[in-house]
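I opened the model to look up a few residues one by one. My notes follow in the order I took them.

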Amino acid sequence: MMIDQKMNENRVPRDFHARDPEEQQLFLTDTWCDHCQQLGLGMRDPEEYELFGMIFIEGKCCRCGEAVLTELTEDDFDDE
């Protein structure tokens, strides 16, 4: 079994759209694309999940379509 497949099996889906609309917009616009090497290009098709105790939002770069991954840190939850 491939490592990527094992990681997908351990993912716990979360509902990105249950977040406050302003928070959703922030996560969709405040992005970094490794492929484009550019900040703020945006993300489409977001999927939120938990993996190994960490929360991620993964989508596609609005410019190139490559994967964009945001790991949520405790700093992201300070206002909650």
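**Entry 1: an arginine and its contacts**

I began with Arg44 and set aside its neighbours within four places in sequence; Arg44 is then in contact with Gly59, Lys60, Cys61, Cys62 and Gly65. I note here that this is a predicted model.

Where does Arg44 lie? I find Arg44 in strand E4, which covers residues 43–51.

Next I checked what the side chain of Arg44 reaches. I get the backbone oxygen of Cys61, at 2.9 Å.

I looked up the accessibility of Arg44 too. Its relative accessible area is 35%. Buried would need under 20% and exposed over 50%, so I log Arg44 as partly exposed.

One distance for the record: I read 9.7 Å between the C-alpha atoms of Arg44 and Ala67. These two residues are 23 residues apart along the chain.

**Entry 2: cysteines**

I followed Arg44 to its partner Cys61. Is Cys61 buried or exposed? I log Cys61 as buried, because its relative accessibility is 0%.

How many disulfides does the structure hold? I count zero. Cys61 is in no disulfide. The nearest cysteine sulfur to Cys61 is that of Cys33, 3.8 Å away. I then tried Cys36, which is in no disulfide either. For Cys36 the nearest cysteine sulfur belongs to Cys64, at 3.7 Å. My cut-off for a disulfide is a pair of cysteine sulfur atoms within 2.5 Å, so neither the 3.8 Å distance nor the 3.7 Å distance qualifies.

**Entry 3: helix H2**

I moved to helix H2, residues 21–29, where Gln24 lies. Gln24 has 13% relative accessibility, so I log Gln24 as buried. Leaving out residues up to four places away in sequence, I see Gln24 touch Phe16, His17 and Arg19.

Which residues of H2 are buried? I list Gln24, Phe27 and Leu28. Looking down the axis of H2, I find these buried residues within an arc of 100°, so they line one face of the helix. General background for my own use: an α-helix has 3.6 residues a turn, so residues three or four places apart point the same way.

What do the buried residues of H2 pack against? I find E4, strand E5 (54–61) and strand E6 (67–72). E4 is also the strand that holds Arg44.

Last, I checked the N-terminal end of H2. Asp20 caps this end. I read 2.9 Å from a side-chain oxygen of Asp20 to the backbone nitrogen of Glu22.

How values were computed:
Residues are numbered from 1 along each chain as its sequence is written. This is a predicted model: local features need pLDDT of at least 70, side-chain atom pairs count only at pLDDT 80 or more; totals for chains, interfaces and linings use all residues. Side-chain values use heavy atoms; hydrogens and water are left out. Helices (H or I, at least four residues) and strands (E, at least two) are DSSP runs, numbered from the N terminus. Buried means under 20% relative accessible area, exposed over 50%, partly exposed in between (1.4 Å probe, protein chains only). Contact means heavy atoms within 4.5 Å. A polar contact is a pair of N or O atoms within 3.5 Å; within protein, one must be able to donate a hydrogen and the other to accept it, and residues adjacent in sequence count only if both atoms are side-chain atoms. The arc is that of the directions from the helix axis to the C-beta atoms.
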